[in-house]
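Work through the following exercises with the coordinates open beside you. Each one sets a task and then gives a solution in steps.

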Amino acid sequence: MSAQYQVSGDNAAEISASIEAGIVRGDWIAGAALPPVRVLAGSLHVSPATVAKAYQELRQRGVIETEGRRGTRVRSRPAVAVTRAALRTPAPPGLRDLSTGEPDPHLLPPLAPAIAALAAQSGPPQGYASAVTMPELADAARPRLLGEGVPVSGSVIVVTSGALDSIERVLTAHLRPGDGVAIEDPGWAALIDLVAALGLRAVPFAVDTEGPDPEALAAALRAGARAVVITVRAQNPTGAAVGAERAVRLRELLAGHPGVVVIEDDHAAELAEHEPNCIGPVTGSWAFVRSASKPFGPDLRIAVLAGDETTAARVAGRMRIGMGWVSTVLQRLLLRLWRDEEATELVAHAARTYGERRRALQAALRAEGVEAFGETGINVWVPVPDETRAVAALRDRGYAVAPGTLFRMGSPPGIRITISTLEPAEATELAGAVAAAVNPVGVTPPMR
């Protein structure tokens with residue numbers, strides 16, 4: 001048992017609370033081993049079953065993990081809010097903040113006119129019994145998705161509270177704690193934490209500019225993954241987009257695993273310059289998630305989920321006995337924005353602007369001899385030999401960027417630069433700073 005922190009408690013709830021309190025305070029570092037069940041039971045004078053139950057509760061909430069012969073350990077990315085807040089501290093005043101991963105507020109379409117138009121509409125108040133996914137929103141979503149090649153003609157459409165909410169509901173509809181989920185590495189930090197919080201087992205697979213590496217995904221499936229989450233474009237943090245040929249290879253691979261749940265995340269939606277190359281439906285359970293938060297603003301917490309009948313029914317059914325439904329005010333607001341030609345053009349303008357800003361930085365980095373990735377979206381991923389040194393060096397030069405450790409599980413180090421507010425005229429100076437941070441004077445660049 002840790003000499004720095006002693007567990008206390010007479011029942012499972014008290015024991016689990018004591019352990020989590022120690023983790024939050026930092027008395028136990030990530031990866032630290034917890035005492036074997038019988039050892040801790042003996043020291044606390046409780047039954048082994050009581051300790052086993054406490055450990056089970058912590059595993060299900062993603063605080064600890066059991067790794068066979070390595071025993072039970074504190075997760076390397078514990079799903080504790082205090083820990084994540086500490087990792088993602090705000091940029092100090094005076095720094096050019098390129099760490100957020102958020103869209104440029106100035107490029108978001110204004111919501112006030114649409115909200116005012118909705119307020120002016122007359123009609124009876126929405127009742128509890130009739131508050132569901134609005135048929136007119138589903139009817140509007142279907143041709144939008146079909147027009148981009150998303151095969152939803154035979155799918156059921158459900159509205160959820162954003163991309164992460166959709167993914168969580170699909171995972172909990174099909175999986176149980178301990179099941180493996182294949183996720184991208186590097187990948188979306190919130191998804192890594194969500195998998196841990198649900199008590200699921202993350203099975204990482206590598207990505208390149210074309211999306212998931214087929215061999216890496218095949219290895220994850222052989223390792224027992226029962227679900228896979230794939231970002232179709234504007235992957236966070238690398239900006240990868242699934243290519244047409246890559247999509248074919250992934251379909252062929254997943255066709256041999258009919259029991260695997262396939263979730264396709266299209267969080268960037270209309271902001272991505274490339275149309276999505278979908279993989280599903282190719283297995284028995286599939287969901288395609290289109291979020292509205294990136295193109296229309298983070299405050300519009302709404303997403304459209306298209307999936308097979310069983311998956312959609314389970315998601316909708318669980319919502320009915322929980323949050324109930326996504327506000328029909330938000331649904332009507334999204335529908336109006338979709339139908340607004342001015343809002344549509346503003347989103348298209350934002351997509352073009354982000355593309356110009358991203359390409360300007362990539363070109364400037366190439367001129368400095370720095371490798372950078374970002375096919376789509378608002379982020380550029382730069383491999384670095386030492387994240388801590390690179391982040392600190394850029395901070396000293398006036399820039400805040402996100403360390404890759406937030407997004408990585410086993411992949412090589414890197415930094416994420418959000419280009420959403422970066423004007424092309426700023427790219428050359430930033431690229432010079434990145435080059436100096438990646439390859440400081442006197443340090444030989446690593447072989448690639």
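**Exercise 1.** In this predicted model, decide whether aspartate 179 is buried or exposed, and then describe the salt bridge in which its side chain takes part.

*Solution.* Begin with the accessibility: aspartate 179 has a relative accessibility of 16%, and because buried means under 20% relative accessible area, aspartate 179 counts as buried. Next, turn to the partner, since the side chains of aspartate 179 and arginine 226 meet in a salt bridge with an N to O distance of 2.7 Å. Aspartate 179 lies in the loop between H7 and E5, whereas arginine 226 belongs to strand E8, so this pair ties together parts that are 47 residues apart in sequence. Finally, compare the surroundings of the partner: arginine 226, with a relative accessible area of 36%, is partly exposed.

**Exercise 2.** Place the salt bridge between aspartate 104 and arginine 357 in the chain, and set beside it the one formed by aspartate 396 and arginine 395.

*Solution.* The structure holds 17 salt bridges, and in one of them the side chains of aspartate 104 and arginine 357 meet at 3.2 Å, N to O. Aspartate 104 sits in the loop between strand E3 (96–97) and helix H5 (112–120), and arginine 357 in helix H14, so the pair ties together parts 253 residues apart in sequence. Both aspartate 104 and arginine 357 are buried. The salt bridge between aspartate 396 and arginine 395 has an N to O distance of 3.8 Å; here aspartate 396 counts as exposed at 62% relative accessibility, and arginine 395 as partly exposed at 44%. As a last step, look for a network: salt bridges link Arg144, Glu148, Arg233, Asp266, Glu270 and Arg290.

**Exercise 3.** Explain why strand E11 can be called largely enclosed by the rest of the structure, and identify the strands with which E11 pairs.

*Solution.* Five of the five residues of E11 (residues 303–307) are buried, and the strand is therefore largely enclosed by the rest of the structure. To resolve this by face, recall that side chains in a regular strand alternate between the two faces of the sheet. In E11, Ala303, Leu305 and Gly307 are on one side and Val304 and Ala306 on the other, and all are buried, which leaves both faces covered. For the pairing, strand E4 (residues 156–160) runs antiparallel to E11 and is joined to E11 by five bridges, while strand E10 (residues 285–291) also pairs with E11 in the antiparallel sense, over five bridges. Alanine 303 of E11 stands opposite threonine 160, and alanine 303 is also the bridge partner of serine 291.

**Exercise 4.** Describe the surroundings of leucine 198 and of glutamine 362.

*Solution.* Leucine 198 is located in the loop between H8 and strand E6 (201–208), and its relative accessible area of 17% makes it buried. Not counting residues up to four places away in sequence, leucine 198 touches Gln60, Glu168, Leu171, Thr172 and Pro177. A further reference point is arginine 176, which is 22 residues away along the chain and whose C-alpha atom is separated from that of leucine 198 by 8.5 Å. Glutamine 362, by contrast, lies in a helix, namely H14 (residues 341–367), and counts as buried at 10% relative accessibility. Leaving aside its neighbours within four places in sequence, glutamine 362 is in contact with Ala372, Phe373, Gly374 and Val380.

**Exercise 5.** How many cavities of 30 Å³ or more does the model contain, and which residues line the second largest cavity?

*Solution.* The count comes to four cavities of 30 Å³ or more. The largest holds about 100 Å³ of space, and its lining has five nonpolar, six polar and one charged residues, with Gly101, Asn236 and Lys294 among them. The second largest cavity holds about 60 Å³ and is lined by Ile183, Glu184, Gly187, Trp188, Leu191, Ile192, Val229, Thr231 and Asp265. Strand E5 (180–185), helix H8 (189–197) and strand E8 (225–231) each supply at least two residues of this lining.

Key. Residues are numbered from 1 along each chain as its sequence is written. This is a predicted model: local features need pLDDT of at least 70, side-chain atom pairs count only at pLDDT 80 or more; totals for chains, interfaces and linings use all residues. Side-chain values use heavy atoms; hydrogens and water are left out. Helices (H or I, at least four residues) and strands (E, at least two) are DSSP runs, numbered from the N terminus. Buried means under 20% relative accessible area, exposed over 50%, partly exposed in between (1.4 Å probe, protein chains only). Contact means heavy atoms within 4.5 Å. On a 1 Å grid over the protein atoms alone, a cavity is a set of points where a 1.4 Å probe fits but cannot get out, and a pocket is an open set with protein on both sides within 12 Å along at least five of seven lines; lining residues have an atom within 4 Å of a point. Grid points are joined across faces, edges and corners, and a volume is the space filled by probe spheres set on the points. Ala, Val, Leu, Ile, Met, Phe, Trp, Tyr, Cys and Pro count as nonpolar, Asp, Glu, Lys and Arg as charged, and the others, Gly among them, as polar. A salt bridge is a side-chain nitrogen of Lys or Arg within 4 Å of a carboxyl oxygen of Asp or Glu. Two strands pair if DSSP finds at least two bridges between them.
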